[in-house]
Amino acid sequence: MTRFIPVREAILAAAILVLMILIASRFAGFVAPSNLANVFNDTAPLIILALGQMVVILTRCIDLSVAANLALTGMAVAMINVAMPGLPIPVILVIAIAMGAVMGAINGILVWKLEIPPIVVTLGTMTIFRGIIFLISDGKWVNSHEMSPAFTGFPRAEFLGLPVLSWIAVACVIGFAIMMSRTPLGRSIFAVGGNPHAAVYTGINVGKTQFVAFVISGALAGLTGYLWVSRFAVAYVDIAGGFELEVVAACVIGGISIAGGVGSVGGAVLGAIFLGVVKNALPVVNISPFWQLAISGSAILIAVAFNARAGRTKGRIILKSAETPTGGTS
Amino acid sequence: MSVLKKLATSVALAGAVLGTPAFAEDVRIAVVVKALGIGFFEAAAEGAEEAAAELGDVEIIYTGPTDTTAEGQIEVINALIAQQVDAIAISANDTDALVPALQRAMQRGITVISWDSGVAPEGRQLHLNPSSNSLIGNMIIKLAADHLPDGGEVALLSATTTSTNQNIWIEEMTKVMGNYPGIEVVATVYGDDLADKSYREATGLMQSYPDLDAIIAPTSVGIVAAAQAVVDAGKVGEVNVTGLGLPSEMAGAIESGASQSFAIWNPIDLGYSATMLAYELSQNGVEAAPGAEIPMGRMGSLTLDDNNEGAMADPFVYDASNIDQFKSIF
C-alpha cells in the first residue's frame with residue numbers, strides 16, 4: 001500500500017510549509033494570499049521548465065539547453081514583435097512553441113540517431129543557441145518601449161484573480177499529470193527510464209521516446225521564452241543565464257532520479273515551488289545573498305541523499321537456498 | 001608589349017605599397033569588454049571605430065567573453081597575445097585575476113590600458129575612468145534626492161557583491177550622504193545583473209519597505225528590471241527608479257513614469273577615448289606617469305593621478321526632455 005502514498009511529495013510539501021512558517025516569523029507579509037499568488041506567478045516559468053526537464057530526465061537523459069532555448073525563442077519572438085507589432089498573441093505563442101520544439105527536436109535527433117550522450121549534445125546546443133541569439137540580435141537589446149502593449153500585457157492579464165502566466169503553469173501541470181499517468185506516451189517514458197532493455201521487449205522504441213521527451217522539453221522552453229521576455233519586458237543575449245541548472249535542481253529536489261525512471265509531476269512542481277519560495281523569500285528576510293546559494297545547494301544534497309536511501313529497495317529473494325552461504329563447510 | 005605593361009603596373013603597385021608603410025601594417029588595438037552582447041559595450045566599440053577612422057591606420061579588434069567572468073577574459077587576453085596585437089584596452093571583470101595575463105602581454109611589448117572597470121595598477125599602464133568615482137557616487141544619490149525635497153527612504157540595487165565599479169560608487173555615495181539631509185539608505189541588495197533576480201530583489205524591497213521612495217540601481221540590467229517591477233507593483237509615482245542606465249533601454253521606464261531621470265556618461269566617448277589613449281601610448285611614445293597629460297582627440301586630455309588613473313568627463317543626466325533624442329543613439 002505504501003507505494004500509493006506519495007511519501008516523498010508529502011515530505012517535500014511539509015518542508016515547504018516549515019520554510020514558509022520560518023519566513024512568516026521574520027516577515028509576516030510573505031504568507032499573505034496576494035503575495036503567495038505573486039510567488040507562484042514568479043515561479044511559473046520554473047514550474048513549466050521543470051515539467052519538461054522531468055520528462056527528459058525520466059528517460060535517462062538531461063537537457064541543459066532549456067535556458068538557451070528559452071532565451072533564443074524569447075529574442076526571436078521579441079524581434080518578430082518589433083518587426084510586426086500587429087501580429088496577434090496566439091500566433092506569437094504558436095511560433096514560440098514551434099521554435100522551441102524544433103530546437104528540442106535537434107537535441108532529440110542527435111541523441112536518438114547519432115547516439116551522442118545527452119549531456120554532451122545539450123551542452124553543445126546550449127552554446128550554439130546562445131551564439132545564435134548574439135548573431136540575430138547583433139548583441140542589441142529589445143527594450144520595453146519597442147514591444148507592443150499586447151505583447152507585454154498578455155502574461156500579466158488577470159483571469160479569475162491570477163495572471164495568465166500562472167494559469168499557463170496550472171494548465172501545464174494538469175496536462176502533464178494526465179499525460180504521465182493516463183497515456184501510452186507517459187507510461188513508455190517511465191518504462192524507457194526504468195529499464196530500457198525491458199522497454200525494447202515490450203515494443204517501445206527507446207530512442208524515439210527520448211526524442212519525444214526532448215521535443216516536449218523544447219516546446220515548453222519555447223513557450224517560456226515568450227512568457228519570460230514579455231514578463232520582464234526585455235530581451236538580450238544573457239537572459240535566464242544559468243537557469244538550466246535551477247531547472248535541473250528543481251527536478252532533483254522534487255525526487256526525480258537523475259538515473260531515470262523514478263519521479264512524478266507532483267515532485268517536479270513541488271521542487272520548483274521550493275526553489276521559488278527560497279528565491280522570493282530571501283530578499284524580504286534580509287539574509288545575505290550567499291545564503292541563497294547555500295540553501296539551494298543543501299536542499300539538493302538532502303534530496304539526493306534521501307532519494308539514494310529510498311531507492312535502495314531490498315531485492316526479492318527467489319531462491320531461498322541462495323540466501324544461506326553455501327559451500328562454507330566444504 | 002603586354003609583358004612590359006604588366007611589369008610597369010606591378011612596379012607602380014609595389015611603389016605605392018612601399019611608399020606608405022603604415023598602410024601595409026595597421027596598428028591593431030584590441031578593445032576587450034566584460035561580455036559581448038551588452039549595449040553599453042557595443043556603443044563603446046562604435047566610439048573605438050570612430051577613433052580608428054580619425055587616426056586612419058588603426059584596426060579595432062572588438063572582443064570579449066560571452067559571459068562576465070575573469071576566466072573568459074584571460075582566455076581572450078592569451079589569444080590576443082598570440083596574435084601580437086599592438087595594444088589592449090580592457091574593461092575588467094576582476095581587479096586582480098587578470099593581472100598575470102596582462103603583465104605577460106606588457107612583457108611582450110603590448111600596450112595595456114584599462115577603462116570603465118579597472119585592473120590593479122601593476123596590470124596596466126593607465127586606467128581611464130568614465131567619470132570620477134566620486135562624481136558618480138554623488139550623482140546617483142543626487143538623482144534620487146532631487147525628486148525628494150522633503151527627504152525619504154531610498155534603497156540600492158547593485159549588480160554582484162564583487163562588482164568592482166558598483167562597490168566603489170556605493171562607497172563614494174556613502175561619503176557624501178551628509179550633503180543630503182533627510183535621505184536615508186535603508187538597504188543594499190544585489191540583482192547579479194540578471195533581469196529576473198533584479199526584478200525579484202526590487203519587488204522584495206517594495207515589500208520590506210512600504211514607504212520606499214526611490215530605488216537607485218547603478219547597473220543597466222538592474223535599473224530596467226527595477227522599473228518593470230515598479231510598474232507591475234502599481235507603484236509608479238510612489239517609487240522613483242534611478243541610477244545608471246542606457247537611454248535606449250530606459251526609454252520605456254521614462255515613458256511609463258517609473259523613472260524620473262537617470263545618468264550615464266557617453267559610452268561612445270569612452271570607447272573613443274580609450275582607443276585614442278592606447279594609440280598615444282603604443283605609437284607616439286607617450287609615457288603613462290603620475291601627473292602626465294595625455295591627449296585624447298575631441299575629448300580633450302586625460303590627467304593622470306598617483307595611481308595612473310584619470311577621469312574622462314561628468315555623467316550626463318537623461319530625463320523626459322532629452323530621452324527621445326538619445327534613445328536611438330545607444
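Are the residues of strand S9 (residues 240-243) of chain B buried or exposed? In this predicted model, Asn240(B) and Thr242(B) on one side of the strand are buried, and so are Val241(B) and Gly243(B) on the other. Both faces of S9(B) are therefore covered, since a residue with 20 or more other C-beta atoms within 10 Å of its own counts as buried. Let us look at what surrounds this strand, and then move on to other parts of the two chains.

## The sheet that holds S9

S9(B) belongs to an open sheet of 4 strands in chain B, arranged in the order S7-S6-S8-S9 with parallel pairing. S7 and S9 of chain B are the edge strands, and each pairs on one side only. From one strand to the next, the twist averages 25°. Helix H6 (residues 133-145) of chain B packs on this sheet, where it touches S6, S7, S8 and S9 of chain B. The direction of H6(B) makes about 160° with that of S9(B).

Now for the pairs within the sheet. Strand S8 (residues 212-217) of chain B runs parallel to S9(B), and 4 bridges join the two. Look for Ile216(B), whose bridge partner in S9(B) is Thr242(B), one of the buried residues from the opening question. Between S8(B) and S9(B) you can also trace a right-handed β-α-β unit, made by S8(B), helix H9 (residues 220-232) of chain B and S9(B). At the other edge, strand S6 (residues 152-158) of chain B pairs with S7(B) in the parallel sense over 7 bridges. There, Ala155(B) stands opposite Ala187(B) in S7(B).

## A second sheet in chain B

Chain B has another open sheet, this one with 6 strands in the order S2-S1-S3-S4-S5-S13, and again the pairing is parallel. Strand S2 (58-63) and strand S13 (309-311) of chain B each have a single partner strand, so one side of each is left without a neighbour in the sheet. The twist averages 20° from one strand to the next. Helix H4 (residues 70-83) of chain B lies across strand S1 (27-32), S2 and strand S3 (87-90) of chain B, and runs at about 175° to S1(B).

Strand S5 (residues 126-129) of chain B is a good place to pause. Leu126(B) and Leu128(B) point one way from S5(B), His127(B) and Asn129(B) point the other way, and all are buried. With strand S4 (residues 111-115) of chain B, S5(B) pairs in the parallel sense over 3 bridges, and Trp115(B) has Leu128(B) as its bridge partner. S5(B) also runs parallel to S13(B), joined by 3 bridges. His127(B) has Glu309(B) as its bridge partner in S13(B), while Asn129(B) stands opposite Ala311(B).

## Two helices crossing in chain A

Turn to chain A and find helix H2 (residues 33-58) and helix H11 (residues 243-253), whose axes come within 9 Å and cross at roughly 70°. That angle makes H2(A) roughly perpendicular to H11(A). The crossing is right-handed.

Which residues meet where H2(A) passes H11(A)? From H2(A) come Leu46(A), Leu49(A), Ala50(A), Gln53(A), Met54(A) and Ile57(A). They meet Glu246(A), Val247(A), Val248(A), Ala250(A) and Cys251(A) in H11(A).

## One buried valine

Still in chain A, Val229(A) is found in helix H10 (residues 206-232). Why does Val229(A) count as buried? Because Val229(A) has 30 C-beta neighbours inside 10 Å.

Leaving aside neighbours within four places in sequence, Val229(A) is in contact with Gly74(A), Val77(A), Ala78(A) and Ala235(A). Asn143(A) is 86 residues away from Val229(A) in sequence, yet the two are 9.7 Å apart in space, C-alpha to C-alpha.

## Where the chains touch

How many residues of chain B are in contact with chain A? There are 27, and they contact 26 residues of chain A. Helix H3 (39-55), strand S7 (183-190), helix H8 (195-208), H9 and helix H10 (247-256) of chain B each supply at least two residues of the side that touches chain A. The largest share of that side, 8 residues, comes from H8(B).

Two of these contributors have appeared already: S7(B) is an edge strand of the 4-stranded sheet, and H9(B) is the helix of the right-handed β-α-β unit.

Notes. Residues numbered from 1 in each chain as written. Chains lettered and ligands numbered in written order. Predicted model: local features only at pLDDT ≥ 70, side-chain atom pairs only at ≥ 80, totals over all residues. Buried ≥ 20, exposed ≤ 12 C-beta atoms within 10 Å, placed from the backbone. Pairing = 2+ DSSP bridges. Right-handed = clockwise from strand over helix to strand, strands pointing away. Axes fitted to C-alpha atoms, helices over the stretch in contact; angles between N-to-C directions. Parallel < 35°, antiparallel > 145°, perpendicular 65-115°, else oblique. Left-handed = near helix turned anticlockwise from the far one by under 90°. Contact = placed C-beta atoms within 7 Å.
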